[in-house]
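Q: Could you go through this structure with me? I'd like to start with the aromatic rings and then see what empty space there is inside.

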Amino acid sequence: MKEWGYSQPNCEFIQTDVEKLMDLQLEPFDVIVSNGLLCLIPNKTNIFNILSNLLKEGGEFYDSDIFSDVEQCLEVKNNPIYNCYGISDAMIWSDLQRVAGRVGFSDPYLIYAAEAFQFEHEKLKQDLRGVNYACAVYRLIKLAPEQSEGGAVVTYKGTLDNCDESFKWDVDLTFKRGVPVKIDGCLASLLSKTKYSNHFVIEESTDKVTTEKNQNPFVYLKKLREDDDNNRFFEDIIDKSL
């Protein structure tokens, strides 16, 4: 505590069953972060309902978890070995938007993705039956998305902490200070009705714009691999030409 400059505690640790959080009668939070937890909970609808109730309107939920690309077989879901790996109840990435949206969350925005582990044991590989896994972090906001024909032009002020020059919204969009960016009506609504409103100049626009959202982590990782392969290819050409 003293190493971080605090003279008295500024946090509290509570050990409990995550599906019984409502019993604690906690005050609503501005931000909730889940790290590798939801992939261990079978009832996703119930846990997202709890998260929605625990967040303030306009609050953010960061879901850092293991996701699958397709439905898993019962052998995986009912096997305690895979529970140890955190994949027995991994959500299909495309279900996140639907499940979270039902309880008042915005569309998810992919912030980060990485390759999950690879199983080498033949029996384990047979059980998985070709299911792929990825580690991904999504940003969701407790604010139902608004449908709008138009969009907005937003300019980042550079006023967020530790984001003087730029602010990364997700893997596809980074706002640079002083640079106008066209975004769709859904994202404009999220920026204007949350803590971010004071950090942007937001001007309505009649232009139709599509802002990426609910990104597929497996497609994103494939692109990263292809870009890496291309970079290595050109590096080899340069090295051989020197």
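A: What follows takes the aromatic pairs and then the cavity, and please keep in mind that the model is predicted.

Q: Ok, how many aromatic pairs are there?

A: The count comes to 13 aromatic pairs. One of them is formed by Phe48 and Phe61, which are edge-to-face, with 6.0 Å from centre to centre and 85 degrees between the planes.

Q: And where do Phe48 and Phe61 lie?

A: Phe48 lies in helix H1, residues 44-54, and Phe61 lies in strand S2, residues 55-68, so this pair ties together parts that are 13 residues apart in sequence.

Q: Are Phe48 and Phe61 buried or exposed?

A: Phe48 is buried, and Phe61 is buried as well.

Q: What about Trp169 and Tyr196, how are their rings placed?

A: The ring centres of Trp169 and Tyr196 are 5.7 Å apart and the planes stand at 75 degrees, so this pair is edge-to-face, since planes over 60 degrees apart count that way.

Q: Which parts does that pair of Trp169 and Tyr196 tie together?

A: Trp169 is in the loop between strand S7 (166-168) and strand S8 (174-176), while Tyr196 is in the loop between helix H6 (185-192) and strand S10 (200-205), so the pair ties together parts that are 27 residues apart in sequence.

Q: Why does Trp169 count as buried?

A: Trp169 counts as buried because its relative accessibility is 0%, and the cut-off for buried is under 20%. Tyr196 is also buried, with a relative accessible area of 3%.

Q: Which residues do the ring pairs link into a cluster with Trp169?

A: The cluster linked by ring pairs consists of Tyr109, Tyr156, Phe167, Trp169, Phe175, Tyr196 and Phe200.

Q: And which charged end sits over the ring of Trp169?

A: That is the charged end of Arg139, which sits over the Trp169 ring at 4.2 Å from its centre.

Q: Changing topic, how many cavities of 30 Å³ or more are there?

A: The count comes to one cavity of 30 Å³ or more, and the volume of the largest cavity is about 30 Å³.

Q: Which residues line the largest cavity?

A: Its lining is made up of Leu38, Cys39, Lys44, Phe48, Asp63, Asp65, Ile66, Phe67 and Met91, so Phe48, the residue paired with Phe61, turns up here again.

Q: Which elements give two or more residues to that lining?

A: Those elements are H1 and S2, and S2 provides the largest share, with four residues.

Q: How do the lining residues divide into nonpolar, polar and charged?

A: In the lining of the largest cavity, six residues are nonpolar and three are charged, with no polar ones.

Methods: Residues are numbered from 1 along each chain as its sequence is written. This is a predicted model: local features need pLDDT of at least 70, side-chain atom pairs count only at pLDDT 80 or more; totals for chains, interfaces and linings use all residues. Side-chain values use heavy atoms; hydrogens and water are left out. Rings of Phe, Tyr and Trp (its six-membered ring) pair if their centres lie within 6.5 Å; planes under 30 degrees apart count as stacked, over 60 as edge-to-face and the rest as tilted. Buried means under 20% relative accessible area, exposed over 50%, partly exposed in between (1.4 Å probe, protein chains only). A charge sits over a ring if NZ of Lys or CZ of Arg is within 6 Å of the ring centre and within 35 degrees of the ring normal. On a 1 Å grid over the protein atoms alone, a cavity is a set of points where a 1.4 Å probe fits but cannot get out, and a pocket is an open set with protein on both sides within 12 Å along at least five of seven lines; lining residues have an atom within 4 Å of a point. Grid points are joined across faces, edges and corners, and a volume is the space filled by probe spheres set on the points. Ala, Val, Leu, Ile, Met, Phe, Trp, Tyr, Cys and Pro count as nonpolar, Asp, Glu, Lys and Arg as charged, and the others, Gly among them, as polar.
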